[in-house]
Amino acid sequence: MPDLKPDADLLLTIDLDALVANYMAYRALAHGAEVAGVVKADGYGLGLLPVARALADAGCTTFFVTNLAEGAALRSLLPDGHIFLTNGLPTGAARAIREADLIPCIGSWPELDEWVAEAGIAKRALPTALHFDTGMNRLGFSTLETLDMERLETGSKSLEIELVMSHLACADVEGHPLNAVQLERFRAVAARFPKARKSLANSAGVLLGGDYCFDLVRPGYALFGGNPRGSGVSPVIPVVGAYARILQVRDVGPDEVAGYGATWKTADSRRLATLSVGYADGYNWRLGSATGAARVAFGGHVAPVAGRVSMDLLIADVTDIAKEFVVRGAYAELIGPHIPLEEVAAYAGTIGYEVLTGLGDRYARHYTGKSAPTES
Ligand SMILES: *Cc1c(COP(=O)(O)O)cnc(C)c1O
């Protein structure tokens, strides 16, 4: 059980020492490449600034976030960090991006034109990443089309191309044929920019081996404790715990129901605990018992969910749990040492990434570890 916040109905514990341990594990796995920290989407839902502070304290100097707002927030914490924007340069944002000293991952001609124009105004070569799409068909200059390399090389002359990057579509599936295809396409295009550093791998990409690591790797999910392949032995340790308070405990007889739709029925006498969490807190509606009964834990003992997940409430069947663990005000574990993140994701029919980033802001965040904010 974590150190408790007396006033929090919902508690998120974030072990920053574990985060740093995962970062160091990736340094050891990265075949000599620099390990950046991908901290987009509010640090995968765990809080951008505390998470970035911990990574920076551990020696991380390169960060990736999605957009200007995230980049500007991170810049205020890290005056010297290299901060890349994965979603590139939105129209009209060049000035603000330059002023915040952020590096857009440029992946289209209009972006390039606007950034070059901004470099002209600034009268200096602006730091830039070039993003190539090597097969995912999502973002970046497509290496499939007849990409006008000359235009790109000439067009980017007034820029300082710090990084050439691409992103893998199937890195979590070792042996997927697209990985090798993307690797070859990336090698070919990257060779045109000999002075730039190269980056291809996310969390799962690093596990594909040294060929995929180049100069810089970009793990996000694994740093936050997610298993990059979704299942099997994980190279990282858990970072997150999610806990909800017990609001009520009741004993019910046979032929009773629980929750919306009366989908859950008792055959005999059961004890039910009602928890202060619901789908509005990222506890997915599919975790209800109609679709397979996810589990929550009380004092380290697991119990099944009973009935549907409500917006702000959840019912668990605690009949088999010792009474001392099921008292009003105690915390039930939703994610943590006994309920792995990947298990919750599997029951919800989604991926751990969505579980983390969907937790929402009703949780009180409690940071532990060397880099934890003092007032937590
Ligand atoms: C999100 C993202 C990453 C990190 O991916 P993980 O799977 O979380 O490691 C890396 N690179 C880019 C471009 C991304 O958008």
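The exercises below deal with a ligand site and a cavity in a predicted model.

Local features need pLDDT of at least 70 and side-chain atom pairs count only at pLDDT 80 or more, while totals for chains, interfaces and linings use all residues. Residues are numbered from 1 along each chain as its sequence is written, and side-chain values use heavy atoms, without hydrogens and water.

**Exercise 1.** Find which residues come nearest to the ligand.

Solution. Step one: take the residues near the ligand, meaning those with a heavy atom within 4 Å of it. Step two: of these 13 residues, K40, Y44, S203, Y221 and Y353 come nearest. Step three: sort the shell, which gives 6 nonpolar, 5 polar and 2 charged residues. Here Ala, Val, Leu, Ile, Met, Phe, Trp, Tyr, Cys and Pro count as nonpolar, Asp, Glu, Lys and Arg as charged, and the others, Gly among them, as polar.

**Exercise 2.** List polar contacts (pairs of N or O atoms within 3.5 Å) of the ligand.

Solution. Begin with K40, where a polar side-chain atom lies 2.7 Å from a ligand oxygen atom. Next, a polar side-chain atom of N202 is 3.1 Å from an oxygen atom of the ligand. Last, Y221 has a polar backbone atom 2.8 Å from a ligand oxygen atom.

**Exercise 3.** State where domain 1 and domain 2 lie in the sequence, and how far apart their centres are.

Solution. The bounds, from an automatic or database domain assignment, are 16–224 for domain 1 and 240–339 for domain 2. Taken over C-alpha atoms, their centres are 41 Å apart.

Methods:
A polar contact is a pair of N or O atoms within 3.5 Å; within protein, one must be able to donate a hydrogen and the other to accept it, and residues adjacent in sequence count only if both atoms are side-chain atoms.
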